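Hi everyone, thanks for coming along. Please open the viewer and keep the sequence beside it while I talk.

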Amino acid sequence: MNPGTPFFDVVRRQRAHRSFRDEPLDDALVEQVLEAATYAPSAENSQPWQFVVVRDAALRARIGDLTRRAWEAGGRDFERGRLPDRLLADVDRGATGGVAAAPVLVVVCGDSSFCLPAVLAASVFPAVQNLLLAAGALGLGSALTTLTMGFDAELREMLQLPDHIQPFAVVPLGWPARELRPPRREPVDTKMHRDRFGRGW
Ligand SMILES: Cc1cc2nc3c(=O)[nH]c(=O)nc-3n(C[C@H](O)[C@H](O)[C@H](O)COP(=O)(O)O)c2cc1C
């Protein structure tokens with residue numbers, strides 16, 4: 001997508017990217033995307049998000065290794081039969097190196113000292129969605145991934161996260177290896193209810 005793509009086109013093209021070109025990504029673009037993330041809503045406007053921007057190749061490889069271990073330790077077996085073959089294969093490629101090959105991994109965290117625990121996650125994920133949309137608007141690929149959280153303690157140690165900083169997601173950022181087709185979604189009227197649940201639209 002080109003910068004300046006209308007908002008609804010960006011939304012309708014939003015996809016999880018799991019393979020990236022081997023091309024650098026300027027800090028200016030990363031900052032632009034993360035600034036958009038910070039315009040998200042949060043409980044009491046607490047803005048508890050913290051973004052650890054991982055560029056270091058060795059560290060990215062170590063995070064990638066954690067992701068692969070989480071996938072191979074049970075994630076893959078759990079998802080086999082649940083995910084359609086094509087998606088399973090794509091997640092597999094992502095978890096076994098595709099995601100970690102992005103030039104930037106943004107580890108999205110929440111600061112529990114800024115926000116009540118009950119609403120911490122709900123105050124971080126809107127920022128992730130802004131991040132994904134901003135990336136798409138700039139023609140960048142990204143994905144919301146959480147597999148690595150299966151090794152929360154190792155990730156914390158690797159990134160030297162203090163106890164009050166909780167990691168929630170690893171979002172790769174980079175130039176997409178290929179253009180993805182539009183996302184497949186159920187028609188919205190199958191998810192809408194007029195006045196009472198189940199009455200349809
Ligand atoms: C809570 C959550 C966790 C996810 N975790 C992962 C993940 O660990 N690895 C991955 O490759 N994709 C992950 N995804 C991405 C989904 O697979 C993706 O959004 C979904 O299949 C729709 O695909 P599309 O964006 O290509 O249409 C996650 C998405 C959400 C919302």
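Let me start with something to look for: which residue in β4 does Val107 stand opposite? Take a moment to find it. The residue is Val170. One thing to keep in mind as we go on is that this is a predicted model.

Let's look at the sheet around that pair. The sheet is open and has four strands, in the order β1-β2-β4-β3, with antiparallel pairing. β1 and β3 are the edge strands, each pairing on one side only. For background, strands of a sheet pair through backbone hydrogen bonds, either parallel or antiparallel.

Now we can walk across, one pair of strands at a time. Between β1 and β2, which run antiparallel, there are six bridges. If you want an example to click on, Gln50 has Cys109 in β2 as its bridge partner. Next come β2 and β4, also antiparallel, and here eight bridges join the two. Asp111 is bridged to Ile165 in β4. Finally, β3, which is residues 141–142, is joined to β4 by two bridges, and these strands run antiparallel as well. There you can find Ser142 opposite Leu173 of β4.

How many residues of β2 are buried? Seven of its eight, so this strand is mostly covered. For β4, nine of the 10 residues are buried, so that strand is largely enclosed by the rest of the structure.Next, the core. The largest nonpolar core holds 42 residues, and those with the most contacts inside it are Leu105, Val108, Leu131 and Val171. Helices and strands both take part: α2, β1, α3, α4, β2, α5 and β4 each supply at least two residues. Which of them gives the most to this core? It is α5, with nine residues. As a general point, nonpolar side chains tend to be buried together in soluble globular proteins.

Try clicking on Leu131. Leaving out residues up to four places away in sequence, Leu131 touches Val33, Leu34, Ala36, Ala37, Ser142 and Val171. You have met Ser142 already, as the residue opposite Leu173.

Some of those contacts take us to α2, residues 27–37. In this helix Val33, Leu34 and Ala37 are buried. Why do we say that they line one face? Looking down the axis of α2, the buried residues fall within an arc of 95°, so they line one face of the helix. On the other side of α2, Ala28, Glu31 and Glu35 are exposed. The cover over the buried residues includes β1, α5 and β4.

Another helix to turn to is α4, residues 85–98. Its buried residues include Val91, Asp92 and Gly94, along with Ala95 and Gly98. Where do they pack? The buried residues of α4 pack against α3.

Two of those α4 residues bring us to the ligand. Val91 and Gly94 are among the residues that surround the ligand, together with Leu87. The others around the ligand are Arg15, Ala16, Arg18, Ala143, Leu144, Thr145, Thr146, Leu147 and Pro183. Sorted by class, this shell has seven nonpolar, three polar and two charged residues.

Let's finish with a few loops. Met149 sits in the loop between β3 and α6. Is Met149 buried, exposed or partly exposed? Met149 has 16 other C-beta atoms within 10 Å, so it counts as partly exposed. Met149 and Ala169 are 20 residues apart along the chain, and their C-alpha atoms are separated by 7.1 Å.

The last two residues have backbone angles to look up. Asn45, in the loop between α2 and β1, has a positive phi of about 50° although it is not a glycine. Asn45 is exposed, with 7 other C-beta atoms within 10 Å. Gln160 is in the loop between α6 and β4, and has a positive phi of about 55°, although it is not a glycine either. Gln160 counts as exposed, with 8 C-beta neighbours inside 10 Å.

That's my tour. Thanks for listening, and do keep the viewer open for a while.

Definitions and conventions
Residues numbered from 1 in each chain as written. Predicted model: local features only at pLDDT ≥ 70, side-chain atom pairs only at ≥ 80, totals over all residues. Core = buried A, V, L, I, M, F, W, Y, C linked by C-beta atoms within 7 Å. Buried ≥ 20, exposed ≤ 12 C-beta atoms within 10 Å, placed from the backbone. Contact = placed C-beta atoms within 7 Å. Pairing = 2+ DSSP bridges. Near = placed C-beta within 6 Å. Nonpolar A, V, L, I, M, F, W, Y, C, P; charged D, E, K, R; others polar. Arc of directions from axis to C-beta.
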